[in-house]
Amino acid sequence: MEGIDHLADERNKAEFDVDEMKIVWAGSRHAFEVSDRIARLVATDPVFEKSDRARLSRKELFKSTLKKCAHAWKRIIELRLTEEEAGRLRFFVDQPAFVDLHWGMFVPAIKGQGTEEQQEKWLSLANKMQIIGCYAQTELGHGSNVQGLETTATFDPKTDEFVIHSPTQTSSKWWPGGLGKVSTHAVVYARLITDGKDYGVHGFIVQLRSLEDHSPLPNIIVGDIGTKMGNGAYNSMDNGFLMFDQVRIPRDQMLMRLAKVTREGKYVPSDVPKQLMYGTMVYVRQTIVADASNALSRAVCIATRYSAVRRQFGAQNGGIETQVIDYKTQQNRLFPLLASAYAFRFVGEWLKWLYTDVTARLQASDFSTLPEAHACTAGLKSLTTTATADGIEECRKLCGGHGYLWCSGLPELFAVYVPACTYEGDNIVLQLQVARFLMKTVSQLGSGKAPVGTTAYMARAQHLLQCRSGVQKAEDWLNPAVVVEAFEARALRMAVACAKNLSKFENQEQGFSELLAELVEAAIAHCQLIVVSKFIAKLEQDIGGKGVKKQLNNLCYIYALHILHKHLGDFLSTNSITPKQASLANDQLRSLYSQVRPNAVALVDAFNYTDHYLNSVLGRYDGNVYPKLFEEAWKDPLNDSVVPDGYQEYIRPLIKQQLRTARL
């Protein structure tokens, strides 16, 4: 059985050049080559072995994480890896760790909010990992409501210091990754108070632990918040709590790019526009959307390969049973998730461009597109993470009972991924930010102020409020203009309906509170339009390789038409399409599933994931599932002995009906 490719027949059916699709997925030939090389480097290094994570205690798991992080840093130095290569190495090591927050939050916070002098001082240490940092914002009592944070930073002009203090239990910092056991420093967000006045939340660099023996500094209480969901999973991360009791730091440890406090205690906003902060936010949310496509594609790869291996029912005259992937019910659940993985990949690519565009505009003091970019990234973070978390769980169900095994890779992937629905903005709260922006845009439609960016379609409100879809046959749903117009009409009509309902309230805020559910739905409609239109825009690019564009075309329309089917109530209630046109969309969807079917395994091969990275018996490249499931079962500690520990005390007395005399 070893060395046989059980999925070879599936791969031979492919109607496109898989190697070219790998380059499209990676974003460029260079990105593919870097990823491929680093993935293999990690997969062949025994220190990065991870198949035993579920069997480790929390302490063992955490220590193994420290070992992997230290080894990864050693390899980065030895091999003189570039920043891009080092990022890919951390990605393929695939174990949540303090380094994620050090590089992903601590360093960017200093870059974005520190002065040049502060960056020179702190980044020179952070970039060599001579200090390890985390991002201490969230508190026990406040997460989404950042303005409600309770930690205080009170300036003492006598000593030229800030006094950092946690006045209540709910002001304890709670959740920051890397804080619990590792970080030596933190960017701490606290209410700046000087001369008796509260100037709101600002960032401060605070040393937490000794650089000699790692013990917490005086008046600092710090620890880990405890075990989280799942085996292995996010338990490799030391999410922490932190309390300050009148801890003093020098005045120059306030991050002072946007505002500073003078030696005399005067608060002085800087000339640097506050809007620059939005650039960092766009960057962070863009990486979260990219992470969504990574996680969803991983789950889909496992579910697709296993669906092709698994056979159930349908045997004729003693013949072989039907592959599960051939059932339309399986395709109807699986292929839209495959399409979503590609859709999120391409909208993530577009967000990279948006970040570059926003950054260039900010440098030129052009803030005109900022509110739209902020709303758009908030909405896409929410949309993609929600769909991915739900999609991973659906992939687990698509794998039947075996999907519930830890070694399927899916339970741990789910447990690792779901926090993304909450961190960097709760998903419902974010959609409400989008809704507020949409309501403002609708209210300005008659004012001559043209909507920009992803809301540009709203400028055609008059047409979109009246137009009727021209679909007459199923193939018409493969016309990009027809699909985009249906999505635009639905999004605009839902936004306008919300605005009309809001206008009935004397108090706008009360109206907003009453209409929260409808506003979230309008925001989601707008965000789905963005994903559909960016997928279609991707297809307008020059994409080479035999059959590659055709497959992407099929996936694009599966994504769009499945959304239409799933949210049919929206499309029908807004009269964006008719029931007959909805029925034709379903006909076209079925046809697209049949076209994707022979290419399904090759389409997930294009993700180019190693077996090490997937860490799934069900998603193995060679499809040799059943013997490997047995191998994994035998590794479980319960199978170390044939007769279980506890037999003499509990099982034997039970069977022999001697419970009264047993020493329980």
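**Charges and rings in a predicted model**

K50 is a good place to begin: with a relative accessibility of 1%, this lysine counts as buried, a word used here for residues under 20% relative accessible area, with exposed meaning over 50% and partly exposed the range in between (1.4 Å probe, protein chains only). The model is predicted, so local features need pLDDT of at least 70 and side-chain atom pairs count only at pLDDT 80 or more, while totals for chains, interfaces and linings use all residues. Residues are numbered from 1 along each chain as its sequence is written, and side-chain values use heavy atoms, leaving out hydrogens and water.

What does K50 pair with? It forms a salt bridge with D94, and their closest N and O atoms are 2.6 Å apart; the term asks for a side-chain nitrogen of Lys or Arg within 4 Å of a carboxyl oxygen of Asp or Glu. The two partners are 44 residues apart, with D94 in the loop between α5 (83-93) and α6 (98-113) and K50 in the loop between α3 (29-43) and α4 (58-78). Helices here are DSSP runs of H or I with at least four residues, strands are runs of E with at least two, and both are numbered from the N terminus. D94 is buried too, at 16% relative accessibility.

D94 has another partner in R53, with 3.8 Å between the closest N and O atoms. Because R53 lies in the loop between α3 and α4 and D94 in the loop between α5 and α6, this pair ties together parts 41 residues apart in sequence. Both R53 and D94 are buried.

For a local case, turn to helix α22 (residues 625-635), where K635 and E632 lie 3 residues apart, about one turn of the helix. Their side chains meet in a salt bridge of 2.9 Å, N to O. K635 is partly exposed at 41%, whereas E632 is buried at 16%. Back at the earlier charges, salt bridges with shared partners join K50, R53, D94, R298 and E412 into one network. Searching the whole structure gives 36 salt bridges.

Now for the rings. Those of Phe, Tyr and Trp (its six-membered ring) pair if their centres lie within 6.5 Å; planes under 30 degrees apart are stacked, over 60 edge-to-face, and the rest tilted. The count comes to 21 aromatic pairs. Y135 and Y189 make a tilted one, 5.0 Å centre to centre with 50° between the planes. This pair links strand β1 (residues 133-136), home of Y135, with strand β5 (residues 185-194), home of Y189.
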